[in-house]
Amino acid sequence: MSNKLRTLILDDESIVCKRLKPALEKSGYEVETFDNPTDALKRIDQEEFDIVVTDIRMDEIDGIQVLEHVLARSSRTRVIIITGYATVEMAREALAKGAFDFIAKPFKPNDLRAVIAKAAKELKSEK
Amino acid sequence: MNWWRKLSGTQPKLDPNTILRLKCARFHHVQENYKKFNNLINDAIEKLGGEYVIDKQYLSSLLENAFSLAGEIVHDMNMMSGYQYSDLFFKLDRMKSNLRRILAWQPQIKSGDLVISLSDIDELDHYHQVGGIFTRLAEIKQRLGLLVPEGFVISFSAFSMFVDYNGLEPLMNLADARPTKVMEELRGKMRVATLPPDLAGDIETAVRRLCEIYEPPHRFILRGAALGEEYNKHSAGNLCAVEAVGPGDVLNAYKAVLAAMYGGQAVENRIKLGLDPKCDVAVAVSRMINAEIEGSIYTVSPDTPHNGNIRIETLSNGAPDAAYEASRRPPYNVETYPEEETSKTRLARRDISGLAEKAMRIERYFKGPQEIVWVQDKKKDTYIIQSKPLILDVEHSIPPGELAEAVARHESLYDQAGKVACPGIACGSVHLISGRQDLENLPENGVIVIEKFEPVMDLMLVLSRAAAILADTGAPTGHAASLAREFHVPTIVGLGDASRRLKPGDTVTVDADDNVVYMGEVSELLHYQLQEYLNLENEKEYNLLRFMLHRISSGGVVGAGSSRTKLRDRETLDNIIRFCMDVTSREMTHAIESIRAGLLKSAPHIESGPGLKLHLIDLGDGIEPAGASGNKIIEMDAVRSPLFRALWEGLSGAEAANRNPAAFGLAAISAERLHLNLATGARTYILDAYQCGDDEYNYIYVHISDRLYAEDRSERRILWLKGILEKFDFRTFRSDDGITVWRYVMPATETARLLTIIGRMLGYAENQDMQVHAGMPVEKEIEVFLKQQ
């Protein structure tokens, strides 16, 4: 198994996944993307990811539910929440429930890289 | 119950100073909202640079915020002008509805031309009228300067008119890929339908024009396309085409293409692409080229994608006849050239290199491998018939997970040092630009390295040859950056020292997706780009932002290197708001003039020499209480307003001793605000400025109108004023009667400094000694003034 950080990105707007995948791959992460929360949760059940990046507002299952599901499966996974302007309150709730950090849209891939790097450092120090 | 007071005439009469105070407050509110609007748009333009992840949520909020601010500005303007322009609310509503439709990826509410010449199609103006497949062809013709068969497109609006005229909508709502009776009935009705007379007339006129511009025999090819089809790589083919149509048969062929677009296969394809089976159809009518040789070009050879070659094939009677390969880099050397003389459609080596150069120009522009259909006529002119994305079904040359290590082995010259103005990845050799001659000598696929990235028109002539642009200065919101985006050239600005650090001929790889510049060729990145690359410019959200900004904000350039090159001038939200600004300025002038007689009797004034006399109105804490009323001269010591003091310092300077006498001047002042209305001879100056403890809210707005504007001397004087103010980072807008300038967000000290300079400038401009000599360049006169500052 690769020693690269395994990252899952979930956003129901597919452009977000398309944009982030190459940006994070260029930084050396292994990246899987999903624009459907149900499929993402199935994948999370199959495999433990180091980092999960999820949008907070989605139609079927919201980011808080994803966070709870991920942390129930693996407490070491770091969950980063993507929020819009209108969902900052939800992001606070997510932080209270154990999210690692949140990032507000619209953002630069580099902003997310910085947050992921912080999470990676924390994961490394746990080993 | 204001309305009842108005109707019954019982509205309390306000004193002139109160009216002026209320109008000033309203004017100030307009300025505030315009500043917010500008910030919003500048922020969105920066996001257009490609560095940000944007989604529909962002686009919706941008739309709502922009129209909410515009609505407030139109409301304030109407309140100031007695609701003379209430029709603007309807205009705003229509624009907003159209933008909402664009966000939903639907054609715009029907309006606009039924038939549009291919030469007139502009991507941003016409995408939602003719669709992406035909705008791509127009871009190849207009932006890249390549030959495309003459023709025109019958728009979505025309289709909609055709559907309404023949009552076909109910059947279209049942569009289905299965061979149902309804679909059969729909196609049958389309084939025998009657074209609305206006539409038939427009098509016939366009056909006649086409027949006039080229020699007989006149034969056309008609092709249909739906909105959004180009966003799927598998779709950009000739779904529904009718060939060899004579001039008299175009109307029937149009109906045949529409019927074919509702054929089972076409509907099924749309469903597969995730498009609505019921769609609006645009139909292109193009001249059929009498082909001597025809064929395809794959900018990456599909069979051997790793060898880095272009594959060029020729056809004979529709079947592959000969195949060649050329390098993907200038000078596009021929790499594979079959020596047997068996093929009927043999190409000379120089023709192969020429085709390769054209193909790579198209690939650079569309930022991805292309499959191109071309024909060559007897005169050896090569026409591009179609270009669509090429899908490469190959193994990765480098696993994505290992890309980071591979890229890290290359020396990065700049990493996050500048700002991305246009996304993309490119590799080429450095070409330093310091003058016009350098631009002319830009080689194909050269990387432009330039100190100041300014919108010189010559730049447009060479952008189709450029692989990338690196600039020492500039901003993603600048005009030059928007030019780079129009030509899809990966661009990073604000690098500081690229023009000194890089040498001509250096090979660099520009990753403007990640804001990094590498020395040398980063082949791993370039291969990754070919296989995995996400071309942002092909993404809906990116294009939606472009379409929205195009309709919200002014500016932009069309028609590279042709006589059509001009600044766009059209109905945008920005232009509506500027109109409101002009009206509110005029309303302020009227408000002052209406109370002028009273003011002259009652307001104190301040004088400087015989030529300058300004009446002052205190809007609150602008003048010492003892001096605030009565028709008397007051000294500067009695003026509290820091803005007025700063302006007066410049206005009353020594150089203005021989100024033209001011016919009337008035300044309404408070501790934080200055509103100046100064009429001198032919010109009127309206200046509004605000200053408080928060830099965010400080602004200066000036409108200068000139009755003699059309005359050369006045025109030169306006250019002089504009030139100086632009040097101080003011944004300028030429209006029918003069010029409007503004600058927002600055420290209080800067507001005061600029007001002093503006004061000096107005004094200088009105000085009778200041002559705008016809023989002296305006730039020189600007220099003379600036030297004195």
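In this predicted model, the hairpin of β18(B) and β19(B) has four residues between its strands, and B:N515 takes a positive phi near 60° there. Strand β18 (residues 507-511) of chain B runs antiparallel to β19(B), and four bridges join the two. One facing pair is B:D511 with B:V516 in β19(B). On the other pairing of β19 (residues 516-519) of chain B, three bridges join this strand to β12(B), again in the antiparallel sense. There, B:S412 stands opposite B:Y518.

**The eight-stranded sheet of chain B**

These strands belong to an open sheet of eight, ordered β12-β19-β18-β14-β15-β16-β17-β13 in chain B, with mixed pairing. Its edges are β12 (412-415) and β13 (419-422) of chain B, each of which pairs on one side only. From one strand to the next, the twist averages 30°. A parallel pairing is found between β15 (residues 446-450) and β16 (residues 466-471) of chain B, over five bridges. In that pair, B:I450 faces B:A471 of β16(B). Helix α17 (residues 479-486) of chain B lies across β13, β16 and β17 (491-493) of chain B, and runs at about 50° to β13(B).

**The five-stranded sheet of chain B**

Another open sheet in chain B has five strands in the order β1-β2-β5-β3-β4, with antiparallel pairing. The edge strands here are β1 (115-117) and β4 (240-245) of chain B, each paired on one side only. Direction ignored, neighbouring strands of this sheet are turned by 20° against each other on average. β1(B) pairs with β2 (residues 151-154) of chain B in the antiparallel sense over three bridges. In β2(B), B:V153 is the bridge partner of B:I116.

The strand pairs described so far are listed below.

| Strand pair | Sense | Bridges | Opposed residues |
|---|---|---|---|
| β18(B) and β19(B) | antiparallel | four bridges | B:D511 and B:V516 |
| β12(B) and β19(B) | antiparallel | three bridges | B:S412 and B:Y518 |
| β15(B) and β16(B) | parallel | five bridges | B:I450 and B:A471 |
| β1(B) and β2(B) | antiparallel | three bridges | B:I116 and B:V153 |

**Domains and a helix pair**

Chain B is divided into domain 1 (13-106), domain 2 (150-287), domain 3 (293-376), domain 4 (411-521) and domain 5 (595-788). Taken over C-alpha atoms, the centres of domain 2 and domain 4 of chain B are separated by 42 Å.

Helix α23 (residues 642-651) and helix α25 (residues 748-766) of chain B have axes that come within 6 Å and cross at roughly 35°. This crossing of α23(B) and α25(B) is right-handed. Residues of α23(B) in the contact include B:L643, B:A646, B:L647 and B:W648, while those of α25(B) include B:L755, B:I758, B:G759 and B:L762. By class, the contact of α23(B) with α25(B) has eleven nonpolar, five polar and two charged residues.

**The contact between chains A and B**

Chain A gives 23 residues to the contact and chain B gives 22 residues. On the side of chain A that touches chain B, α1 (14-26) and α5 (109-126) of chain A each supply at least two residues. The largest share of that side, nine residues, comes from α1(A). The residues on the side of chain A that touches chain B divide into nine nonpolar, five polar and nine charged.

Key: Residues are numbered from 1 along each chain as its sequence is written. Chains are lettered from A and ligands numbered from 1 in the order in which they are written. This is a predicted model: local features need pLDDT of at least 70, side-chain atom pairs count only at pLDDT 80 or more; totals for chains, interfaces and linings use all residues. Two residues are in contact if their C-beta atoms, placed from the backbone, lie within 7 Å. Ala, Val, Leu, Ile, Met, Phe, Trp, Tyr, Cys and Pro count as nonpolar, Asp, Glu, Lys and Arg as charged, and the others, Gly among them, as polar. Two strands pair if DSSP finds at least two bridges between them. Axes are lines fitted to C-alpha atoms, for helices over the stretch in contact, and angles run from 0 to 180 degrees between N-to-C directions. Domain bounds come from an automatic or database domain assignment. A crossing is left-handed if the near helix is turned anticlockwise from the far one by less than a right angle, and right-handed if clockwise.
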